[in-house]
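Please walk through the structure below with attention to how its aromatic side chains and helices are placed.

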Amino acid sequence: MDKLSCIKVFTQVARLGSFTAVANELNMTQGAVSKRVAWLESAIGFSLFHRTSRKISLTNSGEQYLAYCRDLLETMSQTELKLKGELNEATGELKISAPSAFATQRLVEPIAMFMDQNPKVAFKLSVNDKKVDLYKDDIDIAIRASFLNDSGLMAKKILEHNLCYFASATYLARYGEPNKAEELINHKCITYMLSSPSDVWYLDGKKYTVQEISASDSPELIVQLALRGVGIAAMPKWMVEPYIKQGKLQELFVESDKLSLPMYAIYKNVEFLPYRIRAFIDFLSEYFDVGNDKY
């Protein structure tokens with residue numbers, strides 16, 4: 001049996017966590033998938049997975065071998081691309097993960113423009129507000145708003161989110177407008193549950209614990225709840241600026257210093273980065289008019 005094909009099947013099983021899921025994805029039988037993994041385990045002399053009737057999980061040796069296999073397959077793929085000259089041409093599939101609101105409101109136009117200029121590129125866009133694993137989830141670029149930590153990945157800043165606090169005229173007429181951040185504790189607040197902690201807001205360099213009347217991991221839902229007078233919310237200003245101009249929402253704490261959150265295009269730290277990935281990251285940076293420093 002071909003060892004390389006077995007390695008590819010093994011990495012897919014590790015990514016999806018299921019022999020059945022891999023069989024469906026690769027159009028194989030579950031038995032064929034299991035046979036390839038078992039053959040690989042026999043060839044290398046150690047177990048890759050713990051197997052129970054309900055699930056499989058990587059062994060310690062399997063975790064280490066997976067990292068080696070990923071590097072091996074990535075190096076092989078990039079070497080082949082380099083030899084074919086595709087590292088200098090935007091071609092192939094580009095897998096992107098981006099937050100829902102940003103994907104629908106800010107990313108559609110640059111993707112359409114990039115595709116028009118690079119017709120050999122096909123996009124697969126996963127809309128997900130939660131953190132993704134670029135390797136496990138098979139993602140080329142993850143677009144995320146956050147302060148970066150040392151993850152071993154590469155990142156390029158594409159824009160800054162300027163936070164805006166807002167509420168509807170209906171809510172303010174009923175509960176009054178807070179003039180100071182300290183007054184937030186007496187107001188109903190709609191919070192973003194993926195923030196940690198979700199009930200802490202920042203104004204003028206200080207943090208304030210707010211009354212969390214409702215929380216969601218959907219920015220669009222938070223804005224809609226605010227429009228209906230449920231409470232005060234905080235989101236990037238570009239999300240709500242049209243509603244503010246239309247008078248449907250009112251911006252609060254206009255003169256206060258608010259949190260600014262950078263957004264990055266995060267990608268794998270590999271020696272041979274496919275040109276389509278580099279080209280799209282640079283395109284986003286230029287589109288949003290941000291400098292070219294790497295972080």
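In this predicted model, Y65 has a relative accessible area of 11% and is therefore buried, the cut-off being under 20%. Y68 has a relative accessible area of 47%, which makes this residue partly exposed, since exposed would require over 50%. Y65 and Y68 both belong to helix α4, where they sit three residues apart, about one turn of the helix.

Y65 also has an aromatic partner outside its own helix. The rings of F10 and Y65 form a tilted pair, with 5.9 Å from centre to centre and 35 degrees between the planes. Because F10 is in helix α1 and Y65 in helix α4, this pair ties together parts that are 55 residues apart in sequence. F10 and Y65 are both buried. Within α4, the ring centres of Y65 and Y68 are 5.7 Å apart and their planes meet at 35 degrees, so this pair is tilted. Ring pairs join Y65 and Y68 with F10, F19, F46 and F49 in a cluster. Over the whole structure, a search finds 15 aromatic pairs.

The helix that carries both tyrosines, α4, covers residues 60–84. Its 25 residues reach 37 Å from the first C-alpha to the last, close to the 36 Å expected at 1.5 Å a residue. Besides Y65, the buried residues of α4 are G62, L66, C69, L73, Q78 and L81. Which elements cover these buried residues? Among them are two helices, α1 (3–16) and α3 (30–44), together with strand β2 (56–58).

Further along the chain is helix α9, residues 275–287. At 1.5 Å a residue, its 13 residues should span 18 Å, and the end C-alpha atoms are 18 Å apart, so the expected and modelled spans agree. The buried residues of α9 are R276, I277, A279, F280, I281, F283, L284 and S285. The cover over these residues includes helix α5 (100–117). It also includes the strands β3 (92–98), β4 (121–127), β5 (141–145), β6 (154–167) and β13 (260–267). Just after α9, D289 adopts a positive phi of about 60 degrees.

To return to the aromatic residues, Y65 is one of the buried residues of α4, and its ring pairs with that of F10 in α1. Helix α1 is also among the elements that cover the buried residues of α4.

How values were computed:
Residues are numbered from 1 along each chain as its sequence is written. This is a predicted model: local features need pLDDT of at least 70, side-chain atom pairs count only at pLDDT 80 or more; totals for chains, interfaces and linings use all residues. Side-chain values use heavy atoms; hydrogens and water are left out. Helices (H or I, at least four residues) and strands (E, at least two) are DSSP runs, numbered from the N terminus. The expected span of a helix is 1.5 Å times one less than its number of residues. Buried means under 20% relative accessible area, exposed over 50%, partly exposed in between (1.4 Å probe, protein chains only). Contact means heavy atoms within 4.5 Å. Rings of Phe, Tyr and Trp (its six-membered ring) pair if their centres lie within 6.5 Å; planes under 30 degrees apart count as stacked, over 60 as edge-to-face and the rest as tilted.
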